[in-house]
Amino acid sequence: MAEHFKEVGRCLMCLSHLETPMYLKCGYVCCLRCLGSLQREPDGEGLLCPSCSTISRKKDIKPSIQLGRLIAKVKELEPQLEAVLRMNPKILRFQADVTLDVNTANDYLVISEDLRSVYCGCFRQNQRCRPERFNYALCVLGSPGFSSGRHYWEVDVGISKEWDVGVCRDSANRQGPILLSSEFGFWTVGLRKDFFQAGTMPVSVLSVSPRLHRVGVFLDMNFGTVSFYHVSDGSHIFTFTKIPAAETLRPFFAPADPNMDGRGGALRICPVVKPGTASCPGDSGQDI
């Protein structure tokens, strides 16, 4: 619910809080200042919706006073919402001992002996072909799979400029190109150069501190959610809801393409630690 309130007030064009929200004929909403960025008809009178290409003329474009008031309230409450969404240190009681499943790894991926670190090499590893192996996408799954309960693990993304982590259906497609989208059974967040994103449809651009080096992943099969956290300061990154409970889910990892990021693109699963010994945010008093 809190995440919904944060997102409902953002302009899909500038990704900032809606300022003087304006409705087009089709119902698309954006800031008043963003109207000037829309494509116009040759006569200069009509504006094309960036989502559905419906043409809106001057008489069709109207302000939304009620939405504007809601946005003002969201901005007022945002500090409290951030506090609600912060990572709860009690989450550590649900730590899972996750390792990498080499049988699912793309043949260009190099897996460490302890099965916790992966990076993409420049040459094939000559692994045996298996139906469960990603044969095109530079991905690997974690083990074990989860079909119930609550599970938490952390991934050190280091200084990589390109990566994706999260969960996916055990039955998700692994052959040929894949689209990291919740619609296809992949619930992930990732980085593309300087832009953090969540694998929604369309992609959700996220506002995340550039100091992010370790991501916490919390899968709650009881409530059908998977949440991502900035471990160093406990801030919330993103939460997917309506995760299906009828199928096994697997941890998911996609390190950088070496053509983009070289050896700096390694991902490492952090080992399980006893609660109280990890570097984590202070207890907020919330229960889990």
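# A walk from sheet to core

Start with strand E9 (residues 140–143) and strand E18 (residues 249–254): the two run antiparallel and are joined by two bridges. Keep in mind on this tour that the model is predicted. Now pick out Val140, and look across to E18, where Phe253 stands opposite.

**The whole sheet**

Next, widen the selection. E9 and E18 belong to an open sheet of seven strands, in the order E6-E9-E18-E11-E12-E13-E14, with antiparallel pairing. Color the two edges, strand E6 (99–100) and strand E14 (204–206); each of these pairs on one side only.

**A loop before E9**

Go to Asn126, in the loop between strand E8 (117–120) and E9. Is Asn126 buried or exposed? With 68% relative accessibility, Asn126 counts as exposed. Add Asp107 to the selection: 19 residues separate Asn126 and Asp107 along the chain, while their C-alpha atoms are 6.5 Å apart.

**Aromatic rings**

Show the rings of the aromatic side chains. How many aromatic pairs are found in the whole structure? The search finds seven. Select Trp163 and Phe196, an edge-to-face pair with 6.3 Å from centre to centre and 65° between the planes. This pair links distant parts of the chain, since Trp163 sits in strand E11 (residues 162–169) and Phe196 in strand E13 (residues 195–198), 33 residues apart. Trp163 counts as buried at 2% relative accessibility, and Phe196 is buried too, with a relative accessible area of 9%.

Another edge-to-face pair is made by Phe238 and Phe240, with 4.8 Å between the centres and an angle of 70° between the planes. Both of these phenylalanines are buried. Then select Phe134, Phe186 and Phe252, which form one aromatic cluster.

**A serine beside Phe186**

Stay with Phe186 and add Ser181, found in the loop between E11 and strand E12 (186–192). Ser181 has a relative accessible area of 1%, so this serine is buried. What does Ser181 touch, leaving aside residues up to four places away in sequence? The contacts are Phe186, Gly199, Thr200 and Met201.

**Two nonpolar cores**

Now turn to the largest nonpolar core, which has 38 residues; Trp153, Trp163, Val226 and Phe253 touch the most other members. You have already met Trp163 in an aromatic pair and Phe253 opposite Val140. Center the view on Val226 and bring up the residues that Val226 touches, not counting those up to four places away in sequence: Val167, Trp187, Val217, Phe218, Leu219, Phe238, Thr239, Phe240 and Ile243. Phe238 and Phe240, the edge-to-face pair from before, are both on that list.

Apart from the largest core lies another, of 16 residues, including Val29, Cys31, Cys34 and Leu38.

**Last stop: the cysteines**

Cys34 leads to a final selection. How many disulfides does a search of the whole structure find? The count is zero. For Cys34, the nearest cysteine sulfur is that of Cys11, 3.8 Å away; a disulfide would need the two sulfur atoms within 2.5 Å. Cys34 is buried, with a relative accessible area of 6%.

Finish at Cys122, which is in no disulfide either: the sulfur of Cys120 is the nearest from another cysteine, at 7.4 Å. Is Cys122 buried or exposed? Its relative accessible area is 58%, so Cys122 is exposed.

Key
Residues numbered from 1 in each chain as written. Predicted model: local features only at pLDDT ≥ 70, side-chain atom pairs only at ≥ 80, totals over all residues. Heavy atoms only, no water. Pairing = 2+ DSSP bridges. Helix = DSSP H or I, 4+ residues; strand = E, 2+ residues; numbered from the N terminus. Buried < 20%, exposed > 50% of the residue type's maximum accessible area, 1.4 Å probe, protein only. Phe/Tyr/Trp six-rings, centres within 6.5 Å; stacked < 30°, edge-to-face > 60°. Contact = heavy atoms within 4.5 Å. Core = buried A, V, L, I, M, F, W, Y, C linked by side-chain atoms within 4.5 Å.
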